[in-house]
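Here is a friendly tour of how one chain meets its neighbours. Have the viewer open and follow along.

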Amino acid sequence: MTGSLFVAALAVCVVTTVAALVVPSWLRSAVTGWGTAGGGALGVAAGASTLAGGRWAAWLPEVLPLAGVRLSLDPLGGVFVAVTGGVAVCAGIYAVGYARESGRVVQATLPLFVASMLLVPAAATVSTLLVGWELMALTSLLLVLAEHAHRAEVGRAGLWYAVMTHLGFVAILAGLAFFAAGAGGEAFDQLRGATLSPAARNVVFLATLAGFASKAGIVPLHVWLPRAHPEAPSHVSALMSAAMVNLGVYGIARVGLDLLGGGPQWWWLVVLGVGALSALFGILQAAVSTDLKRLLGYSTTENMGLVLVGVGAAGFFGPGSALAALALTAAVLHVVNHAGFKTLLFLSAGSVLRATGTRDLDALGGLRSRMPYTTVLFAIGALCASALPPGNGFVSEWLLLQSLIHALPSSGVAGAITMPLAVGVIALSAGLAVATFVKAFGVGFLARPRGSGAESATESPPSMLAGMGTAAACCALLALAPAAVLPGLSAILPGAPAVSGQVALRLNGVLGTISPVLIAGSLVLAVAALLAVLRLISTRRVRRAARLWDCGAGPMSARMEYTATSFAEPLQRVFDDVLAPESDVDVTPVRESAYLVERVRFQARIPDRIEHRLYEPVLAGLKAVGRSARVLANGSVHRYLAYGFYALTGALIVLAVLR
Amino acid sequence: MYVQALNLACGAFLLAGVLVLWRRDLAAIVWLFAFQGLALGAMVVVLGADQGSVELVLVGIGVGALRAGLLPYLMRRALVSSGEARETQPLVNVATSLLVVAVLAMLAYAVSQPLVRLAPSPATQAVPVALTVLLVGFFVLVTRRRALSQVVGFLLMDNAITATAFLTTSGVPLVVELGVSLDVLLAVLVLQVLTTRMRAAFGGTDLDELRELHD
Amino acid sequence: MTPLLQVILVVLGAPLLVGMMRQVRARLEGRAGAGVLQPWRDLRKLVRKQPITPDGTGWVFRMAPLVLAATALVAAAAVPLVSTESMAGVSDLFAVVALLALGSVTLALGGLDTGTAFGGMGASREMTVLALVEPTILVSVFALSVRADSTDLGAIVGYTAEQPLTVVSPVSLLAAAALAIVTIAETGRIPVDNPATHLELTMIHEAMILEYAGPDLALIEWASAARLSVLLGLLASLFAPWGIVTAGAGVVAVLVAMVVLVVKVAVLGALLAAGEVFMAKLRLFRIPELLAGSFVMALLAVAASFFLA
């Protein structure tokens, strides 16, 4: 059952790709959209049946030369298959209306991208994993580059993405190849039973960690993410941000917790540390970002950081303990929740982009009356992303905090120092997330339009709204009834589930109860009671329109509104030392007198500091090396032949000496 | 009850040290230092009372009188004559220094664990507190510009060392304590003379201006 | 049963608390004061006015006061003020903190929805303070939960009530100081915000609600008062849990607990008001220092819970 569903999901995706290449253009977006959604739905079913206890393994020796393809589905992989499928359903339905103008190849690549993301968590050998990984990288690169003809930045973003993702691939390849060589086989079963020296295990873990973390957008390997996600078409951004980055987390969990079977505590402290750093750095950049999709991209870095804090804590507590189960459950639930709200947010951002032609929050506003459905849907996503009740992000962050807080007595000095700091970091990132999404929603959608694009906005077509609505429904389900998915998630680890209960979630092993339904219900009840009381006691009910308070200076124009930049200014000042914003004031006096100002130009920019400090020197160094290497190539054919000759003889000499 | 009182004294000792970094007002810093001296004295008295040693109690009272009475008195006099009321521009801003203290506290805890494990008792378990104050004092010395803040930083370190001594060995000999205290007193007097001279020479006690003596 | 009692107590008592605090301030400043009942008179006046929709505002603006007041109501029911028996599943300290934050968020959105510079300014400042307050709250929660091994408010208060000596430990004193600063920041009192100011350079809370009038304003005013009473009540319960009844207590005990609660909150309110007379508002960009200080105290509280354990 599990296997046939999974194979059907892959088959539907591949068939859709072929169909997209042949059907006429007016039908194409419908075919790819619904095909992708269908493949995604089958993926959800396959993942769900895996979590319900179904197992499946397949061995296809003839598909790949030498190694063959080996697939298997276990609960850990099943979760990620289901999440990818769910995101694909929403993005597919959305693409029916959104991707009508896209080219043939771009549309045909979409289902293939989904198929590759379904393949990765089901891979059961190193070579299968790497093939799926590379397929995923290439298809996503094609999709990122979809709009390269319209905007120059797309090309640059694609270049960054291509380089970073392939460096990551090299790291994973090296790590896993080393692992397989040490284990004497490349099937995951053989790797699990391998006995490697501690040093070799460290090398494997750190290499794969670097590779997978770069895919997950973890600081300092995140630089591609805030570039590539905004430039891709929005449904692709959703797939990348809500499904693809998860696979980085999957890789870390699979290699570290499963194949290597845990490890020394310092591994997991490293994971926890980079996670905490990413959470803080990501949300800080998001808080001061004015590009809506870039903001969402940085928020992905933040959320993946939080997930890694959970994974790191789980590894730190060691397999088998109740706290580890709780931390891992929290991390995986956060992956699921993040997938839900980030899909919704990126799709809504795409809807805004379609309607207004801009992603710049400083030019948006006033969409509340022009795009009512998109506004409500974005509001739901923002509530979930800011980890406030009754959103779904709150539930998983609560679980994560519980796992960290109960750690004290058991975890020694390292834990006693790490856990309070981790709680502080999570809290600060949660607070900044609230500020970020209040900014995104309040400035982007409320008040009056700040630009002409926002003024002439119209609501998106029903298929796009349906895609967003599906994502919102998933978020609502996850927020109010997390008990519906939690038993499945706890199947990842052997032993008792970390969380039990239907209405009120109860933690096992430690004290702690929370009931999302009760919180939401009592809020609704309180609002209803207040409305009733107001009805009862207020004597005049008809609302009267009135002018805004304008200090008596006449009606206010949209230019007087607070913008996203001004909203983030206090935060920018508070975190001045971390963000290092650049501003530039340029005063031009009139020609006659230096004292009369003709024009003042003010420019402010907040560059990504890590990119600025870490990558630019490296790139400059590479450029210098490249330039000096130019001397070697002066155009003489003899010279080039001589290089070959030297290399050959050199190799022979080395061989002779070593023998 | 003994543990409770000791912990309270240690908590006050630590808090006073941290608050020194928070306040810019030099007069308030001197008050905080006096408060810390009081906490130190109380800590020693509690230790003495627990061991039933009258001598230790008397030493505690003496330490308290010196740290909470005489030294703050001298500093206040220096403060009044200097006419400088605020630590205007510390080299590291206040919010960041407070976060640094958080990290220092964690570091102190990690470092002093082996020491605590040697002889676990309520007294030795408070050693991380003393170590934190030592690091805070050092940090004050590094980052604060005014000569008076520097003196306080130095005295914080001295308080911390005294506290460590009492907490780990349940009392240093009176002679040693007296000798150390006299050293400190001497240092304060020297610094006071120095500040007076600096003010005469430069019109302020910003220690960075000493750089001008370089060439 | 007691959650309902608490809600009634907060609904009726919150404006009186604000009136009492204003009266204390007035007396200390040498004024006669308007009397303890004045906030209730203000509310009555506001409710009778016609509701207003300022130009260009929408459903977010209208919903904000309702949601704000609703979060205050739910928090009043969830926090153990009279009895440690609390609403299971809501009375978690994280949940209560997040609920109160939800209230601030909706109000900030209401402020942004007006599109005036005042609304945006207030919202931006409120969110900045909220973001910086969050670490302090959660880390002090951590410190308090270590002993009771739970973040459930009922459990923490119950544990402290059983072992009253733990109140005078460094852990609880540091956490109390940190939470007191946080309470001041969350409720917008001096030195973080001045509830009486209408000067645009200094406003935080008042800037957000500048466009509200009539019944909407009444809801907001009441909700701010309720948040203040709930937070002060929470402080009293956490650090002076005397008189709180446990589950299954008799009617008389509950009545006594209510009286004790009123006295405790009144004392805390009077102290706060008296403190405000002697303090000036901090510059906006000095507030991070205050909050960093409170964060360090919270962290030291956690540290103390294992330094000195």
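## Chain C against chain A

Chain C brings 71 residues to its contact with chain A, which answers with 63 residues. Here, two residues are in contact if their C-beta atoms, placed from the backbone, lie within 7 Å. This is a predicted model, in which local features need pLDDT of at least 70 and side-chain atom pairs count only at pLDDT 80 or more, while totals for chains, interfaces and linings use all residues. Residues are numbered from 1 along each chain as its sequence is written, and chains are lettered from A and ligands numbered from 1 in the order in which they are written.

On the side of chain C that touches chain A, at least two residues each come from helix H2 (38-48), strand E1 (52-54), helix H3 (59-78), helix H4 (93-113), helix H5 (117-148) and H11 of chain C. Helices (H or I, at least four residues) and strands (E, at least two) are DSSP runs, numbered from the N terminus. H5(C) gives the most, 19 residues.

## A strand pairing across the chains

Strand E6 (residues 544-546) of chain A runs parallel to E1(C), joined by 3 bridges; strands pair if DSSP finds at least two bridges between them. Within E1(C), C:Thr53 is the bridge partner of A:Ala545.

## Chain C against chain B

Turning to chain B, 17 residues of chain C are in contact with 22 residues of chain B. Helix H7 (170-186) and helix H11 (287-307) of chain C are the elements giving two or more residues to this side of chain C. The largest share, 10 residues, comes from H11(C).
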